[in-house]
Amino acid sequence: MISLISENQPLFALGFLVFLVVTVLLILQHSVIRYGQQLFTQAIRCWVRIKRNLAKNKRIILFRGKYPKLDVIMSRRFDLRDFYWLSLTFLWVVIGCMLVLFIALAEAVATLNSIVSIDYFISAQMSLLRDSDVVGFFVLITSFASTPIAVLVVLFVAVNCWVKQQRYIIVGLLIATLGSTAFTSLLKYLFQRERPANSLLVVQTYSFPSGHATTAMALYGFIAYLLIRFHQDFAQKIRIFTIAILFILLIGLSRVVLNQHYLSDVLGGYLVGASWLTLGISITEWLSVESKIIWKVEWSTSHAYMIWLSGLGVFISTLIYAKIYQFPMLS
């Protein structure tokens, strides 16, 4: 057994990594479903108590009397019910953090920091999986974030939103997907990083950041956001979130396994995609506050069938695309 593991070390490491990720996600899902709502309720009560105690503080009362306009601004800034202040501020802070992390990662790649050594080591290990049976699985997974399939998914989502008379959702969808795609193309041109030498698929574009990772985060992240927003059941929301995270991680992992990208390329793609995803969600939530979008809607049987058929159509199209286009590209 030990000799078998040593002979197939990269494959066993990959399998252990996937097993570990799935296990952690399932444990987190179970914990959040069981304790999440209770903890959230307690946090809200704690926040209300803190605000109440601050309101009785003599120094706070003097401050309010001395600076009434600033007091109004600060009160609104920390009001959970006001989207234009606390919620919108939080979303923009998230975007800012993503951009800072991306700049730090890009600087590390450009200056050939230690992460580049990690990139080369992982790439060398993944090249040993060239003849493994897992290659076919990851070719299929990576096809879900290819440009033709992504366009098809965006089209299906837009049609479903249009039929359900929630057309303003398409605005956020297009901002997240088209914005992230255009920005990634610009970054590829600026960095002009060559792809790994042992790439399994023949592709001519540059490597940093990964377009597939960007698409996975921006597109499938936005779809997960829509499903979570439309669902009323808390447990279902958490399950959707868990499945989306696993799917996005698998797409990113497929780029590394197929040696299409270095690990830092995938991380960069995730950060770019997450930034544009947050921007798309911010616009969608703003439109929701302006009563342009209604989340509590009745789903008829025909609408449910339409969504399931759309998902089935994407899956079949991905199978066909992988068979006639991706697999022949294996070098």
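# Briefing: an all-helix chain and its buried charges

With a relative accessibility of 16%, Asn160 falls on the buried side of the 20% cut-off. That's our way into this predicted model, a chain with 13 helices and zero strands. Two other things deserve your time: a nonpolar core of 51 residues, and a salt-bridge network that links Asp119, Arg193 and Asp265.

**Around Asn160**

- Asn160 sits in helix 8.
- What does the side chain of Asn160 find for a polar partner? One of its polar atoms lies 2.7 Å from the backbone oxygen of Phe156.
- Leaving aside residues up to four places away in sequence, Asn160 touches Met306, Ile307 and Ser310.

**The chain as a whole**

- Reading along the sequence, you get helix after helix: α-α-α-α-α-α-α-α-α-α-α-α-α.
- The chain has 331 residues, and 40% of them are buried.
- Take the contacts between residues at least 6 apart in sequence: 78% of these join residues at least 24 apart.
- The accessible surface adds up to about 19,300 Å², and carbon and sulfur atoms account for 70% of that.

**The nonpolar cores**

- Which residues have the most contacts inside the largest nonpolar core? They are Val153, Ile169, Leu219, Tyr220 and Phe222, in a core of 51 residues.
- Seven helices each put at least two residues into this core: helix 7 (134-143), helix 8 (147-163), helix 9 (169-191), helix 10 (211-230), helix 11 (234-257), helix 12 (263-289) and helix 13 (301-326).
- Helix 10 gives the largest share of this core, with ten residues.
- Tyr220 makes a good spot to start looking around: not counting residues up to four places away in sequence, Tyr220 touches Phe144, Ile149, Val153, Thr215, Phe247, Ile248 and Ile251.
- Another core lies apart from the largest one; it has eleven residues, including Leu105, Val116, Leu187 and Phe208.

**Arg193 and its two acidic partners**

- How many salt bridges turn up in the model? The count is three, and Arg193 takes part in the one with Asp119 and in the one with Asp265.
- In the Arg193 and Asp119 pair, the closest N and O atoms are 3.0 Å apart.
- Arg193 is in the loop between helix 9 and helix 10, while Asp119 is in helix 6 (residues 114-126), so this salt bridge ties together parts that are 74 residues apart in sequence.
- For the pair of Asp265 and Arg193, the closest N and O atoms come to 2.7 Å.
- That second pair also links distant parts of the chain, with Asp265 in helix 12 and Arg193 in the loop between helix 9 and helix 10, 72 residues apart.
- Are these charged residues buried or exposed? Arg193 is buried at 12% relative accessibility, Asp119 is buried at 0%, and Asp265 is buried at 0% too.
- Put together, Asp119, Arg193 and Asp265 make up a network of salt bridges.

**The end of helix 12 facing helix 10**

- Glu285 and Arg229 meet through their side chains in a salt bridge, at 2.8 Å from N to O.
- Here Glu285 belongs to helix 12 and Arg229 to helix 10, so to speak two distant parts of the chain, 56 residues apart.
- Glu285 is buried, with a relative accessible area of 15%, whereas Arg229 is partly exposed at 27%.
- Ser288 is another residue of helix 12.
- Ser288 counts as buried because its relative accessible area, 15%, is under the 20% cut-off.
- Which residues does Ser288 touch, if you don't count those up to four places away in sequence? They are Arg229, Ile293 and Trp295, and Arg229 is the salt-bridge partner of Glu285.

**A nonpolar patch on the outside**

- Tyr305, Leu309, Leu312, Phe315, Ile316, Leu319, Ile320, Ile324 and Tyr325 form a nonpolar patch on the surface.
- Together these patch residues have about 920 Å² of accessible area.
- Ile324, one of the patch residues, is in helix 13.
- Ile324 counts as exposed because its relative accessible area of 63% is over the 50% cut-off.
- Helix 13 also supplies at least two residues of the largest nonpolar core.

Conventions: Residues numbered from 1 in each chain as written. Predicted model: local features only at pLDDT ≥ 70, side-chain atom pairs only at ≥ 80, totals over all residues. Heavy atoms only, no water. Core = buried A, V, L, I, M, F, W, Y, C linked by side-chain atoms within 4.5 Å. Buried < 20%, exposed > 50% of the residue type's maximum accessible area, 1.4 Å probe, protein only. Helix = DSSP H or I, 4+ residues; strand = E, 2+ residues; numbered from the N terminus. Contact = heavy atoms within 4.5 Å. Polar contact = N/O pair within 3.5 Å; in protein donor to acceptor, adjacent residues only side chain to side chain. Patch = residues over 30% accessible without salt bridge, like charges linked within 9 Å, V, L, I, M, F, W, Y side chains within 5 Å. Areas by Shrake-Rupley, 256 points an atom, 1.4 Å probe, with all protein chains shown as cover. Salt bridge = Lys/Arg side-chain N within 4 Å of Asp/Glu carboxyl O.
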